[in-house]
Amino acid sequence: MRRTSLALATLALGALALPGLAPAHPERHSYYPNGTSGENLSGSVPKYRSSYKPSSKKLGKRLVVCKGSASRKRIHARLKGKQERRNLALLKKCKYHDIQHAVNKAQNNARILVLPGVYEEKPSGAEPNPDPKCEGKYRVEGENVIGSYEYHRECPNSQNLIAIAGDGPDADRKCDDKCNIQIEGTGRKAKDVLIKGERSKLNLIRADRADGIYLRNFMVELSDFNNIYALETNGFVFDRIVSRYSREYGFLTFSSDNGLYTDLVAHGSGDSGIYPGSGPEGRCKRYGIEIRNSDSYENTIGYSGTAGNGIWAHDNKFHHNGTGMTTDSFAANHPGMPQDCAKFEKNQIYSNNENYFTEERDEYCDISKRAVKDRDPKIVCPTFQVPVGTGIGIFGGNGNIIRDNYIYDNWRDGAKLVTIPAFLRGDDPTGQSDNDPANQLDNPIDNAYTDNKMGYRPDGTRAPNGNDFWWDEGGRGNCWGGNLGSDGAPVSSNVLGGLPGCPRGGGLGAPNPAKSASQATCATWDPQDELLRDPPGCDWFTTPPKPR
Amino acid sequence: MRMLGAAVLTTLALALVACGADGGNTSGSLAWTGDPRVVTPQGLPEDRTLTGKLRNDSLKKVDLRSARDVKVLDEDGNSVPATAIFTDTFARSIYPPARGPSRDTRRSEENRIGLRASLQPGGTTPITVSWRAGPGASEPVRIEIAGSSLAIPRR
């Protein structure tokens, strides 16, 4: 109790020592389409509409995009039978050679069919950033050009290879035109249609207030920030897409709702393969974004979500990343803080021991020695630091359910639960967070780890984690129950007195200072600094030994 | 005059508090409050981490920038490679190190995550300092920060 009081006092005084946060995000402030109360819901997850049926009022107008003879060649080379014939028939209807041109012509409910080919969107690539045509609609902060919504509407290709901006010139932040647009590759496999950036555009596909967007069946690669991006969008689906070699994120959604990520592959991202940030506030009564049947590997993080609220992630594989999954409350300017109410179940979270922080990698990725454009995009250069060898980490979160997952062969920790004092996340200038300066210890609360299979594969073979559960002992109501080790063995943890059971749970309020301090030094990581590439006192960047 | 007298008394009182807190070996406006601890982090037998809390015992605001202001010194006054941060847990910027914001924004972010701190008179901040102590490495004995010298406790 005394320790709790002392730590609380430290945190409160620490908060006083740190001034408020200036508005600072490489993106404009954004707002939830359905507010934060969880009531008065609108919108829904869009449904797929067949590509092959012609234009109709019900199915929407069809616009066909192709690369002329190159598409013909690819169709012959890659498709057979009915699929080949259908694509050749569509080729005759092709009127657009760049996807953005079709988007520009599209009205609500349009279906944009993209025939096999490589789409580099050269006209978009030529647009400057910032674009003087949109003077007054952006601001520059250091290296970042931060556009307003109007900037992206009026200069759509300044930062985006393909942009779908659906809100007309009014103040309601709701989609008016370019709503319910479906963009679908017509190949047999995702890779038959390749949307290819050069790491010069921040985003390859940006859906901005583009309610009802449905993206399906293509491969996308080489963005400078996000390969696929949805912002302030009510209703979206990403379906059967392969996203690779983004400098930061494979798939990213932010302040969006009624979404589905399904059957995706994400790899080679400098940050996360899949990132549902500032997820919808369902207050643990609904999950506004579903992520399923996806495979995320060889990224710095397989899945991450700052303020990743209201997410239901199930039946996915997060493996061979630096860290498999994280959700957190430690970055500023994210609506929906503190993070709460995600449900992770029936996932396989394994072998997350890829070390992108070795001396050799640090040297390769040092931006002072090699510009981003000169990097081999297949080599992951991490944009943030993670504890290599970790399955799933919750860094400040509440009401999360981690249930019935296979968590194995993560050489550091299978699952990690960390307290993040509220002042460390700064302010939310949009007023969409539950920030109470008097309550610095507002996490982790009521997280439940139940019925997880720890340290063995689905086939039953043993593949231990270095340690199954790591907890700094902070918060309250956190519980562990029904988790099993290989052959029914008890799970391991770093809590000497044992983990509190469910449903009651436990927590000391403030974290155990020895445990939280062991993480603090890792915050100083800086790949541009020889000492701070591998800061003393931080073990995150050393691959743990394979557990026996 | 009366105000000046009160200020002098306050300064003396604070100085006494500072001496009492660390039993000496401290000079300057910053002092340990409570006992700093030095531990060997799990899995890093050659590293040491000091955790403690600093208090500004002066009558002026003190601005701290960890990477530049904090020096860890051995008995001969040689600098030992070290890192410092003004938090007691992990924090993260929203900006990757290689994608910088403006100077003002960077400064505000550094304050938020504990890479900087501003201490008002009487204000405190947690501090975590780490260094390598492998074979052949010097044993650090004190930390110099913003004109203050603070003893590192022997383990």
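1. Two strands pair if DSSP finds at least two bridges between them; strands (E, at least two residues) and helices (H or I, at least four) are DSSP runs, numbered from the N terminus. In chain A, an open sheet of 10 strands follows the order E6-E9-E11-E13-E16-E19-E22-E25-E28-E31, with parallel pairing. Its edge strands, E6 (160-165) and E31 (469-471), each pair on one side only.

2. This is a predicted model: local features need pLDDT of at least 70, side-chain atom pairs count only at pLDDT 80 or more, and totals for chains, interfaces and linings use all residues. Residues are numbered from 1 along each chain as its sequence is written, while chains are lettered from A and ligands numbered from 1 in the order in which they are written.

3. Within the sheet, strand E9 (203-208) of chain A runs parallel to strand E11 (226-231) of chain A, joined by 5 bridges. A:Arg206 has A:Tyr229 in E11(A) as its bridge partner.

4. The largest nonpolar core (buried Ala, Val, Leu, Ile, Met, Phe, Trp, Tyr and Cys residues joined through C-beta atoms within 7 Å; buried means 20 or more other C-beta atoms within 10 Å of a residue's own, placed from the backbone) has 146 residues. A:Val65, A:Ile112, A:Val114 and A:Phe251 have the most contacts inside this core. Strand E10 (213-221) of chain A gives the most to the core, 6 residues.

5. Chains A and B are in contact (C-beta atoms, placed from the backbone, within 7 Å) through 50 residues from chain A and 47 residues from chain B. On the chain A side, H8(A) supplies the largest share, 7 residues.

Technical notes: Contact = placed C-beta atoms within 7 Å. Buried ≥ 20, exposed ≤ 12 C-beta atoms within 10 Å, placed from the backbone.
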